[in-house]
Every structure is written in structure tokens, then in C-alpha cells.
Amino acid sequence: MRQVDLRSDTVAHPTPQMWAAMSNAEVGDDFYGEDPTVNQLQERVASLLGKEKALFLPSGTMSNLVAIAAHTHPGQEVICDYDSHIFNSEIGVSRWLGIQFHPLQGHCGLIDADRIKAAIRHSDNLQKLQTGLIILENPHNRGGGTIYALNELQSIRDVAQHYSIPMHLDGARLLNAVIASGIAADKISDYFDSVYFCLSKGLGCPIGSVLAGSNEFITNAIDLRLALGGGMCQVGMLAAAGIWALEHHIERLSEDHRRARELAVQLSNLAIFSTNVETIQTNIVLLDILPDSINAVDVVSKLQNYGIKASIFGHRRLRLVTHLEIDDEAVDYTVCVFKILSQQFER
């Protein structure tokens with residue numbers, strides 16, 4: 001039976017060429033800043049994002065945690081989208097940093113400047129909360145991979161600068177947005193004081209994220225990474241995977257996007273499923289189940305009988321994510337199985 005794993009782009013394995021790059025990597029002790037491959041990765045990412053410096057971290061969650069800790073202090077508030085990953089899936093921020101979120105309801109995960117402006121708390125009264133940071137997620141996971149337009153980013157940046165509030169970009173899949181929009185990474189990053197992206201999602205690396213910002217910000221981030229247990233030693237082999245991915249796996253993201261859209265188009269024709277094809281900009285498909293009598297658990301269970309894995313994203317919603325191990329045949333097979341299930345559920 002064919003196996004098709006659409007749960008996330010994190011499930012993809014390193015390619016043989018990436019394994020070779022990892023096994024041949026030059027290493028040193030990154031704790032002392034002496035791993036040459038890590039340093040090369042950080043320099044390349046800083047240049048890619050148009051920032052002064054960058055820092056290699058084990059995960060995207062730690063990248064966000066470090067960034068928020070660097071930008072805020074306990075008792076402040078962080079504005080984000082209600083469906084953002086950082087609000088829904090990163091409990092450590094509130095638990096360890098003593099800040100609270102002010103989530104706003106956006107459209108497909110995207111919040112506009114007017115809504116952010118209305119939500120900002122700006123007061124000299126120390127008894128009242130103050131907004132310490134604005135976080136945007138681009139592209140937006142629970143929004144279905146939706147992307148901010150540059151003019152909206154500029155409007156939000158204008159509001160942030162007016163109130164002297166820093167902005168952080170949760171760019172876990174930022175390079176998907178770059179390929180989908182045709183807008184260079186540094187152009188997007190320019191609106192933010194700090195930004196990170198994951199190496200372990202669409203780029204196909206086994207681990208890692210890279211956080212970028214000013215020299216001062218990264219100096220602070222290095223201390224915070226260590227305090228959170230993220231100090232690493234000879235990790236050049238992991239950084240080598242990131243360098244390989246930056247050289248070989250960025251442009252191919254367009255194939256993931258094409259396949260996601262094809263999957264969405266085909267599945268939208270089935271009677272019991274619905275998806276908004278117009279919002280498919282990257283590699284994420286959110287698929288709604290229409291009949292009240294069928295839930296996501298039922299569908300995922302039946303998909304597994306055919307070797308297909310999908311994520312439950314609500315009582316009657318699935319998430320399907322394309323990645324470098326999903327080829328055209330996998331898409332065709334998935335559509336075929338969904339057609340079979342649709343017929344079974346309609347009986």
C-alpha cells in the first residue's frame with residue numbers, strides 16, 4: 001500500500017544529498033562561536049533577510065520565545081492573531097515570560113493596521129498593561145498559508161513606529177511566502193525588527209530555525225538561548241543541512257504550492273468536502289467536511305486504511321500539507337482515495 005503523509009511538511013526526510021553534506025560538515029564548538037558551518041549558515045541567513053546578524057536555534061518555538069523575551073518585559077502585552085501558532089500552540093511564552101497575549105480576530109489569519117491600532121494599550125500608568133510587541137505570522141498556518149501584502153505590512157509598521165512598538169515576524173514558512181509572492185525575503189523582513197524561519201519545514205532539514213535582527217538583538221538572543229537550554233556544541237552537521245537547503249530547496253517550493261492547489265481543486269469537486277481554492281497561496285490546504293454527521297476523526301481514520309495521513313484541524317476540518325516527498329502520483333492517489341471515501345460517506 002502506498003504511504004502518503006500530508007500531516008505537515010516537517011515529516012519530510014533529508015535527501016541523500018543533504019545527508020552527504022551533513023556527514024562532510026566541518027564542525028567546532030558553537031558555544032564559543034567556533035563552529036564554522038554554523039557561522040556560515042548564520043551569515044547567509046542574515047544576508048538573505050537583510051539583517052545585521054542571525055542565530056541558529058533548535059526550533060521555531062524557541063526562536064519565538066527568545067524574540068519575545070528580547071523585545072518585552074514581564075507584565076507587557078503582545079498583539080497577535082487569534083488563530084496564530086504562537087497563541088494556540090506555544091504555551092511556554094506565557095508560562096515563562098510573564099507576558100499575556102492580546103489576540104485579534106483576523107481574516108484567514110491576517111490582521112489589519114486599523115484593528116491593531118485600536119488594540120494598542122499605551123499609557124504611562126504602571127497599573128495598566130502596555131503593548132510591548134506586535135507579532136505577525138506570514139504565511140499563516142491556520143489561515144491556510146495566506147500571505148500579507150506589502151502595503152498592509154507598511155500600514156502596520158507605520159502604526160508600530162508611531163507608538164514605538166517593535167514587530168516580530170513568525171516566519172516559520174517565510175520562504176514559501178517568498179516563492180509564492182515573488183517578493184524577496186529581505187523586502188518582507190524589512191518591516192520587522194526581528195524575523196525567523198524554520199529549516200525543518202518546507203526546506204526539508206531534520207531540525208533547526210534561524211532568528212535574525214540587529215547586532216544588539218542577536219547579542220541578547222544568544223544569552224537568552226543559553227538560558228533556555230538551547231546552547232549547542234558541535235552542530236555544524238545540522239547547519240550544513242540548512243546550507244544545502246538554502247542552495248537547493250527554495251525554488252522547488254513552487255512545486256509544493258502547485259500540488260497543494262491541484263489537490264484543493266480536485267477535492268473541492270467532491271460533494272462532502274469544501275475548500276476555498278482562492279486562498280491557496282502556499283503548500284497548505286484546509287479541507288472542511290460539510291455533513292454534520294461526519295467529523296474529522298472519522299475521515300482521518302478511514303484515510304489511514306489507505307495509507308494516507310492528515311492532520312485534524314477542527315471538529316470537521318482537516319489540514320493537508322504538501323512537501324518535497326509529495327509528488328504528482330501522491331496527489332493523484334490522495335484524490336482517488338478521497339473520491340472513494342466521499343462515495344462511502346454518501347451512502
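Start by selecting K201, where UniProt, in an unreviewed entry, places the feature "modified residue: N6-(pyridoxal phosphate)lysine". Keep in mind as you click around that this is a predicted model. K201 sits in the loop between strand 7 and strand 8. Is K201 buried or exposed? Its relative accessibility is 16%, so K201 counts as buried; the cut-off for that label is under 20%. Now show what surrounds K201: leaving out residues up to four places away in sequence, K201 touches D9, T10, A172 and R173.

**The seven-stranded sheet**

Zoom out and colour the strands. You should find an open sheet of seven strands, in the order 2-8-7-6-5-3-4, with mixed pairing. Which strands stand at the edges? Pick out strand 2 (53-57) and strand 4 (100-104): each has a single partner strand, so one side of each is left without a neighbour in the sheet. Turn the view to look along the sheet, and you can follow a twist that averages 20° from one strand to the next.

Stay at the strand 2 edge for a moment. Strand 2 runs antiparallel to strand 8, and five bridges join the two. To see one spot on this pairing, select L57 and look across to S209 in strand 8, which stands opposite. Although strand 2 is an edge strand, this strand is mostly covered, with four of its five residues buried.

Next, go to strand 3 (residues 76-81) and strand 5 (residues 130-137). These two pair in the parallel sense, over four bridges. Select V78 and you will find L133 of strand 5 opposite.

While you are in strand 3, click on E77, which has its place there. How buried is E77? Its relative accessible area is 1%, so E77 counts as buried. Show its neighbours and you get quite a list: not counting residues up to four places away in sequence, E77 touches Q100, F101, H102, A119, R121, L129, Q130, T131, G132 and L133.

Here is a contrast to try. Select Q154, in helix 7 (residues 150-162). At 33% relative accessibility, Q154 counts as partly exposed. Draw a distance from Q154 to E77: the two are 77 residues apart in sequence and 22 Å apart in space, C-alpha to C-alpha.

**Helices around the sheet**

Now select helix 3 (residues 60-71). What does helix 3 lie across? Its list takes in strand 2, strand 3, strand 5, strand 6 (167-170), strand 7 (194-198) and strand 8 (209-213), and helix 3 runs at about 170° to strand 7.

For a helix-to-helix meeting, select helix 8 (residues 174-181) and helix 12 (residues 253-267). They pack at an angle of about 80°, with their axes 9 Å apart. Helix 8 and helix 12 are therefore roughly perpendicular to each other. Show the side chains where they touch: L175, N176, I179 and A180 in helix 8 meet L253, S254 and H257 in helix 12. What kinds of residues make up this contact? There are four nonpolar, three polar and no charged residues.

**A second sheet**

Move on to another open sheet, with four strands in the order 9-10-13-12 and antiparallel pairing. At its edges are strand 9 (273-274) and strand 12 (311-314), each pairing on one side only. In between, strand 10 (residues 284-289) and strand 13 (residues 317-321) run antiparallel and are joined by five bridges. Select D288 and look for R317 of strand 13 opposite. Then add helix 13 (residues 296-304), which lies across strand 9, strand 10, strand 12 and strand 13, at about 40° to strand 13.

**Backbone oddities**

Here is some background for the last stops: most residues other than glycine have a negative phi, and most peptide bonds are trans.

- Select N138 and P139: a cis peptide bond joins them, with omega about -5°. P139 lies in the loop between strand 5 and helix 7.
- Select C108, in the loop between strand 4 and helix 6 (113-119). C108 has a positive phi of about 55° although it is not a glycine, and at 29% relative accessibility C108 counts as partly exposed.
- Finish at S164, in the loop between helix 7 and strand 6. The phi of S164 is also positive, near 55°, and S164 is exposed, with a relative accessible area of 64%.

Note on methods
Residues are numbered from 1 along each chain as its sequence is written. This is a predicted model: local features need pLDDT of at least 70, side-chain atom pairs count only at pLDDT 80 or more; totals for chains, interfaces and linings use all residues. Side-chain values use heavy atoms; hydrogens and water are left out. Two strands pair if DSSP finds at least two bridges between them. Axes are lines fitted to C-alpha atoms, for helices over the stretch in contact, and angles run from 0 to 180 degrees between N-to-C directions. Contact means heavy atoms within 4.5 Å. Angles under 35 degrees count as roughly parallel, over 145 as roughly antiparallel, 65 to 115 as roughly perpendicular and the rest as oblique. Ala, Val, Leu, Ile, Met, Phe, Trp, Tyr, Cys and Pro count as nonpolar, Asp, Glu, Lys and Arg as charged, and the others, Gly among them, as polar. UniProt positions are given in the numbering used here, feature names are shortened, and annotations may be inferred rather than shown by experiment. Buried means under 20% relative accessible area, exposed over 50%, partly exposed in between (1.4 Å probe, protein chains only).
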